[in-house]
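Hi,

Here is the structure I promised to pass on. Have a look at it first, and then read on for what turned up.

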Amino acid sequence: MDDIDRRIVNGLQGAFPIAERPFAIVADRLALSEADLIARVRKLCAEGWLSRFGPMFDADRLGGATTLAALAVPAEDFERVTALVNAHPEVAHNYAREHTLNMWFVVAAERPERIEEVLAAIEAETGLAVHAMPKQQEFFVAARFEA
Amino acid sequence: MTPLLDLRDRALLTALEDGLPLVSRPYRMVGDQLGISEGEVITRLQRLIACGVIRRFGAVVRHRALGYTANAMVVWDIADERVDAAARTAMAFPFVTLCYRRPRREGWRYNLFCMIHGRQRATVLAQVDALRAALGIDVSDHAVLFSTRAFKQRGARYGASMTLEPA
């Protein structure tokens, strides 16, 4: 990744133009050619710096729902439980964290009822209590990362 | 508010779930797949952004690849009537990337969650201290849960699942 790539990553984390030639607009700002910008974005995706390029959706406004949920998993059972949880396509993120509640995952589904079904299934499969912690209020969403 | 999405909106969102085509006229290419005009794709996307169905449009970075490996969920036990004010205080710190109020649970008394994504654990811990001082919270009323492994980290999926921000 060179300095131009860094400027692309830092400058393109939101507000991509919705216009006939959006890359040309951004390329102009960065003093690049349109073709060079497109080639660089392709390369940044191919090399794994970007997971994708496009829209991020708000599940709630799509009529869907998300929740954060936590499990206290016995250390010796961690691999088994991880496999069971991750096998659900509705599980979007899953992190091990340093706490008694040591597995934290996000469930996202198109229908709110589906969340309950998935959490119930995870309880049944793992034999562990699922602590659902749906957001009650969102104060700030601005995750941005400097390359 | 749930804006009404018609079938074309849904088809458009599905067509974009793996990302925008990386070509000179991406909206025309998407429109060609769906049998709608470039102009209509543009108008629909502008509306979906304006009403918040699309919350951000652009590069989705793999933050771990960029060196953001010190990922802390910082949780606070805050008197219910003070949560709004505390969240406003937390939001003033640029290193706080996400902030949510969530319910207390049995064995879990923390009701405000802030995410801090950093490159160094020591830096993140110093940021947590600064935040704690600003919030006027006792050390015993917060916890810092660094992630030790990420098992699954998927981008937006508009079919089975969609999630959006690093949680």
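Into which domains is chain A divided? There are two entries: domain 1 covers 3-46 and domain 2 covers 60-133. Before you go further, keep in mind that this is a predicted model. The centres of domain 1 and domain 2 of chain A, taken over C-alpha atoms, are 36 Å apart. Chain B is split up too, with domain 1 at 7-50 and domain 2 at 70-146. For domain 1 and domain 2 of chain B, the C-alpha centres are separated by 38 Å.

Now for how the chains meet. On chain B, 87 residues take part in the contact, and on chain A, 76 residues do. Interface size is often quoted as the accessible area that is lost when the parts come together. Here chain A and chain B bury about 7,800 Å² between them, and 60% of that is on carbon and sulfur atoms.

On the polar side, 33 residue pairs are in polar contact across the interface of chain A and chain B, counting pairs with both residues at pLDDT 80 or more. What does chain B bring to its side? Strand β5 of chain B (residues 142-153) gives the most to the side that touches chain A, namely ten residues. Sorted by class, that side of chain B has 50 nonpolar, 20 charged and 17 polar residues.

Salt bridges next. Over all chains the count is 27, and between chain B and chain A it is four. One pair to pull up on your screen is B:Arg149 and A:Glu79, whose side chains form a salt bridge at 3.1 Å, N to O. Why does this pair join two chains? Because B:Arg149 sits in strand β5 of chain B, while A:Glu79 is in helix α4 (residues 78-86) of chain A.

Last, have a look at the strands. Strand β1 of chain A (residues 50-57) pairs with strand β1 of chain B (residues 54-61), and the two run in the antiparallel sense over seven bridges. If you want a spot to zoom in on, try A:Met56, which has B:Arg56 in β1(B) as its bridge partner.

Cheers

Key:
Residues are numbered from 1 along each chain as its sequence is written. Chains are lettered from A and ligands numbered from 1 in the order in which they are written. This is a predicted model: local features need pLDDT of at least 70, side-chain atom pairs count only at pLDDT 80 or more; totals for chains, interfaces and linings use all residues. Side-chain values use heavy atoms; hydrogens and water are left out. Contact means heavy atoms within 4.5 Å. Buried area is the accessible area (1.4 Å probe) that two parts lose on being put together, summed over both. A polar contact is a pair of N or O atoms within 3.5 Å; within protein, one must be able to donate a hydrogen and the other to accept it, and residues adjacent in sequence count only if both atoms are side-chain atoms. Helices (H or I, at least four residues) and strands (E, at least two) are DSSP runs, numbered from the N terminus. Ala, Val, Leu, Ile, Met, Phe, Trp, Tyr, Cys and Pro count as nonpolar, Asp, Glu, Lys and Arg as charged, and the others, Gly among them, as polar. Two strands pair if DSSP finds at least two bridges between them. Domain bounds come from an automatic or database domain assignment.
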